[in-house]
Structures are given as C-alpha cells and as structure tokens.
Amino acid sequence: MLNVASYLARIGYTGPTTPTADTLRAIHHAHLLTVPFENLDIARATKIICEEDAFLRKIVDRHRGGFCYEANGAFAALLRGLRFQVTLLSARVPREDGTETPEFDHMTLRVDLDEPWLADVGFGDCFLKPLRLQAGPEQMQDGQKFRIREEGNSCHVERVQPDGSWKGEYTFSFVPRCLDEFAPMCHYHQTSPESPFTRKRICSRATPDGRITLADRKLIITRRGNREEKVLESEEEWQAALQKYFQIVL
C-alpha cells in the first residue's frame with residue numbers, strides 16, 4: 001500500500017530522500033507540521049485496526065492524523081520505503097503517582113544510520129526532530145532541551161521544565177518489536193474508560209512557531225511562547241476549526 005511519492009506529497013516534503021541524518025530530520029519535522037496527533041475516530045467509535053495498510057490509507061489517502069500506533073506505524077513504513085533501517089520500540093509513559101503505564105502503551109522508533117536515532121511523530125507535543133540515541137548529553141531543539149537518561153535496561157526521554165527540573169516523557173527499551181505486539185494496547189486505548197483517549201477529543205499539530213490544539217471544545221494556539229485559548233460554542237464551530245486548522249472534514 002505504500003506510495004512513497006504520495007506520502008511525501010502528503011507531508012509537503014520536496015527535499016532529498018537519500019537515507020541520511022539530514023533527510024531524517026527534515027522528513028520528521030515536515031511530518032509533525034502536517035500530520036496531526038488525533039483520536040477523533042475513537043470519539044466516533046470508528047475502529048482503528050493495528051495494521052500498516054490501514055495507517056497509510058488513513059494518513060496518506062484520507063489526509064487524517066492518528067495516535068502513536070498510527071502515526072509512527074505509517075512513518076516507519078515511509079522510512080523503510082526510503083531505505084532507512086527502522087526498528088519499532090515499546091515505550092511506557094509516567095503516571096502522576098510515579099508508576100508507569102504498561103508495556104506497548106506507546107510506540108517509538110529507532111533509526112540506525114552511522115549512529116542510532118530516536119524518531120517519534122506520534123507523541124504529540126515533544127521533540128520536533130529526532131534525538132541522537134545516546135544517553136547523557138543534553139540536546140537542544142528550538143529552545144527546548146531534551147536528554148536520554150539510561151537506567152538499567154531502559155532509557156528515559158526527559159525534557160527540561162521552566163524551573164530547570166527534568167520531566168520524563170516516556171521510558172523505552174531496545175528490544176525490537178513487531179506491529180502485532182501493539183494490537184492489544186491499541187484496542188485498549190480505543191475501548192477502556194481508563195484510557196486518556198476515550199475521555200476527550202484531541203487534535204494537535206506543530207506549527208513553525210508553536211502549536212495548534214483542539215481539546216474538546218477548547219481551541220489553543222501557541223505562537224512563540226504566547227498561548228491563546230478560546231472556547232468554541234457549538235459543534236458546528238468545532239467542525240469549522242477542525243477544517244480550518246487541520247484540513248479535516250468528518
């Protein structure tokens with residue numbers, strides 16, 4: 001089902017496609033600017049099938065977005081089509097009580113070039129370009145500071161907070177995974193009342209100077225660190241905002 005040219009057109013990418021670190025950074029950034037992180041099918045009780053072809057049809061043909069399994073699953077297919085070496089990795093997300101979510105709660109990607117990289121276009125508001133898959137050094141991106149901290153057999157992706165402290169984004173290990181292993185958690189997140197994705201609608205994408213998010217009826221636009229919020233008064237207004245900012249018509 002993968003049509004590389006159609007996928008690149010979908011994300012507005014016209015640059016080099018040689019499998020290099022520069023290409024990876026550019027395609028990763030372009031993906032996050034165009035393909036939103038969204039759970040709108042879950043809110044509409046439209047089943048999300050954990051299959052690569054389904055992800056590609058939705059994102060490329062239907063110009064939609066998706067949550068982690070969809071966005072990273074499709075992106076992995078694109079990278080492989082461009083001759084990158086890609087490995088699916090399982091990740092867990094920290095909870096407020098200090099515990100972590102189960103294995104396969106999140107999908108992230110390892111990309112091996114001359115050095116390994118961590119790619120992720122399915123976590124929402126996080127790093128816009130791949131991180132060097134190297135524990136220790138701080139990595140700056142557009143004023144944001146990230147690091148990968150190693151602990152036992154796991155690695156923690158962390159981002160610095162305004163007060164200078166480090167906050168965990170997610171934890172992953174280097175065990176290679178296949179897409180089928182993520183299917184049970186993909187189903188869980190569509191059906192469980194405990195899943196964050198069944199509790200509210202979300203649609204969010206990065207912009208060149210910030211981010212645009214629809215969180216239920218709240219429209220949040222951030223530009224150069226300035227945040228504006230607006231409560232949408234009706235479903236019609238919400239649909240109009242979805243079309244205006246994300247080019248999605250349901």
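A residue counts as exposed when its relative accessible area is over 50%, as buried when that area is under 20%, and as partly exposed in between. The structure described here is a predicted model. With a relative accessible area of 66%, Asp142 is therefore exposed.

**Asp142 and the consecutive hairpins**

Asp142 is placed in the loop between β6 and β7. Although Asp142 is not a glycine, its phi is positive, at about 50 degrees. Most residues other than glycine have a negative phi. The two strands that flank Asp142 form a hairpin with 2 residues between them. Strand β6 covers residues 139-141 and strand β7 covers residues 144-151; they run antiparallel and are joined by 3 bridges. Within this pairing, Gln139 has Phe146 of β7 as its bridge partner.

Strand β7 also pairs with strand β8 (residues 154-160), again antiparallel, through 6 bridges. Here Glu151 is bridged to Ser154 in β8. β7 and β8 likewise form a hairpin with 2 residues between them, and Gly152 in the turn has a positive phi of about 65 degrees.

**Phe104, a second non-glycine residue with positive phi**

Phe104 has a positive phi, near 70 degrees, and is a residue other than glycine. Its position is in the loop between β2 (85-92) and β3 (106-112). Is Phe104 buried or exposed? Its relative accessible area is 15%, and Phe104 is therefore buried.

**The five-stranded sheet and helix α7**

Strands of a sheet pair through backbone hydrogen bonds, either parallel or antiparallel. In this model, an open sheet of 5 strands follows the order β1-β10-β11-β12-β13, and its pairing is antiparallel. The edges are formed by β1 (37-38) and β13 (226-231), each of which pairs on one side only. Helix α7, residues 235-246, packs on this sheet and touches β10 (202-207), β11 (210-215), β12 and β13. The direction of α7 makes about 155 degrees with that of β11.

At the β13 edge, strand β12 (residues 218-223) is joined to β13 by 6 bridges, and the two run antiparallel. One of the bridged pairs consists of Arg223 and its partner Asn226 in β13.

**Helix packing around α5**

Two packed helices are described by the angle between their axes and the distance between the axes. Helix α5 takes part in two such pairs, with α4 and with α2. The table sets out their geometry and the classes of their contact residues.

| Helix pair | Angle between axes | Distance between axes | Contact residues by class |
|---|---|---|---|
| α4 (residues 52-61) and α5 (residues 68-81) | about 95 degrees | 9 Å | 7 nonpolar, 1 polar, 4 charged |
| α2 (residues 21-34) and α5 | roughly 145 degrees | within 12 Å | 6 nonpolar, 2 polar, no charged |

How are α4 and α5 oriented to each other? Angles of 65 to 115 degrees count as roughly perpendicular, and α4 and α5 are therefore roughly perpendicular to each other. On the α4 side, the contact is made by Glu52, Phe55, Leu56, Lys58 and Ile59. On the α5 side, Tyr69, Glu70, Ala71, Gly73, Ala74, Ala77 and Arg80 contribute.

The crossing of α2 past α5 is right-handed. Residues Leu24, Ile27, His28 and His31 of α2 meet Ala71, Phe75, Leu78 and Leu79 of α5. Ala71 of α5 thus appears in the contact with α4 and also in the contact with α2.

**Ile59 in helix α4**

Ile59 lies in helix α4 and belongs to the contact of that helix with α5. Its relative accessibility is 0%, so Ile59 counts as buried. Leaving aside residues up to four places away in sequence, Ile59 touches Tyr7, Arg10, Val35, Arg64, Gly65, Glu70, Ala71 and Ala74. Among these, Glu70, Ala71 and Ala74 are also named on the α5 side of the helix contact. Between the C-alpha atoms of Ile59 and Thr99, which are 40 residues apart in sequence, the distance is 33 Å.

**Ala183 in helix α6**

Ala183 lies in helix α6, residues 183-191. With a relative accessible area of 30%, Ala183 is partly exposed. Its C-alpha atom is separated by 16 Å from that of Leu109, and these two residues are 74 residues apart along the chain.

Note on methods
Residues numbered from 1 in each chain as written. Predicted model: local features only at pLDDT ≥ 70, side-chain atom pairs only at ≥ 80, totals over all residues. Heavy atoms only, no water. Pairing = 2+ DSSP bridges. Contact = heavy atoms within 4.5 Å. Axes fitted to C-alpha atoms, helices over the stretch in contact; angles between N-to-C directions. Parallel < 35°, antiparallel > 145°, perpendicular 65-115°, else oblique. Nonpolar A, V, L, I, M, F, W, Y, C, P; charged D, E, K, R; others polar. Left-handed = near helix turned anticlockwise from the far one by under 90°. Buried < 20%, exposed > 50% of the residue type's maximum accessible area, 1.4 Å probe, protein only.
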